[in-house]
Amino acid sequence: MAQGFTLFDTAIGQCGIAWDGRTVIGSQLPEGSAERTRARLERRFPGAVEHDPPGTVRRAIAAVTALLSGEGAAPLAEVPLDLSRVPRFHARVYEVARTIPPGTTLTYGEIARRLGEPGAARAVGQALGANPFAPIVPCHRVLAADGGTGGFSANGGVATKRRMLEIEGVYLEEPTLFDV
């Protein structure tokens, strides 16, 4: 089966997903408009054709949609990802990040320690900054050692990261009456 991609609506905007056969080769957080999200996927996956996804990808879309609407734990860890397209260290980071449940966070250093490489927090951050599977690989759940947001390479930057965390019930600052 040839590579394909599709866009889908979520509570935070139009996301995208690309696949090869039944395996996800990339996902895309909103780029601000459907046209920009589509263009980003076309640049990332030049051979992919926009069409209806196979069943495994439809289930991934349903899980992402549920996650981003605050419907609780979505079975994203079950989504088949093609990790052969990323460096081995990145794949290991993504595997650990996929174990972080919705509504919880880890630090870059905690992931490095779980990998058995306690001095690799910066490398973990670089791997997550290059994450081609957001939010299936939930890089938004990884914070700086001081509890700060750290970076976020998706459109909207740290504001998008905060919004995604707040959808999951994680507030980096105490919420006010207007936030709840």
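**A four-stranded sheet and the helices on it**

In this predicted model, four strands make up an open sheet, running in the order β3-β2-β1-β4 with mixed pairing. The edges belong to β3 and β4 (49-50); each has just a single partner strand, so one side of each goes without a neighbour in the sheet. Between β2 and β3 the pairing is antiparallel and covers five bridges. W19 is part of this picture, with V24 in β3 as its bridge partner.

Two helices can be followed onto this sheet. Helix α1 (residues 34-44) packs on it, touching β1, β2, β3 and β4, and its direction makes about 155° with that of β1. Helix α2 also packs on the sheet, where it touches β1, β2 and β3, but here the angle with the direction of β1 is about 25°.

α2 itself takes in residues 55-68, 14 residues in total, and spans 20 Å from first C-alpha to last, close to the 20 Å expected. Its buried residues are V57, A60, I61, A63, V64, A66, L67 and L68. Besides β1 (3-10), β2 (13-20) and β3 (23-28), these buried residues pack against another helix, α6 (157-167). Just past the end of α2 comes G70, with a positive phi of about 80°.

Turning to the aromatic rings, the count comes to one pair. Y94 and F133 meet edge-to-face, with 6.4 Å centre to centre and 80° between the planes. This pair ties together distant parts of the chain, 39 residues apart: Y94 sits in helix α3 (residues 88-97), while F133 lies in the loop between α5 (121-129) and β6 (142-143). Both Y94 and F133 are buried.

Conventions:
Residues are numbered from 1 along each chain as its sequence is written. This is a predicted model: local features need pLDDT of at least 70, side-chain atom pairs count only at pLDDT 80 or more; totals for chains, interfaces and linings use all residues. Side-chain values use heavy atoms; hydrogens and water are left out. The expected span of a helix is 1.5 Å times one less than its number of residues. Buried means under 20% relative accessible area, exposed over 50%, partly exposed in between (1.4 Å probe, protein chains only). Contact means heavy atoms within 4.5 Å. Rings of Phe, Tyr and Trp (its six-membered ring) pair if their centres lie within 6.5 Å; planes under 30 degrees apart count as stacked, over 60 as edge-to-face and the rest as tilted. Two strands pair if DSSP finds at least two bridges between them. Axes are lines fitted to C-alpha atoms, for helices over the stretch in contact, and angles run from 0 to 180 degrees between N-to-C directions.
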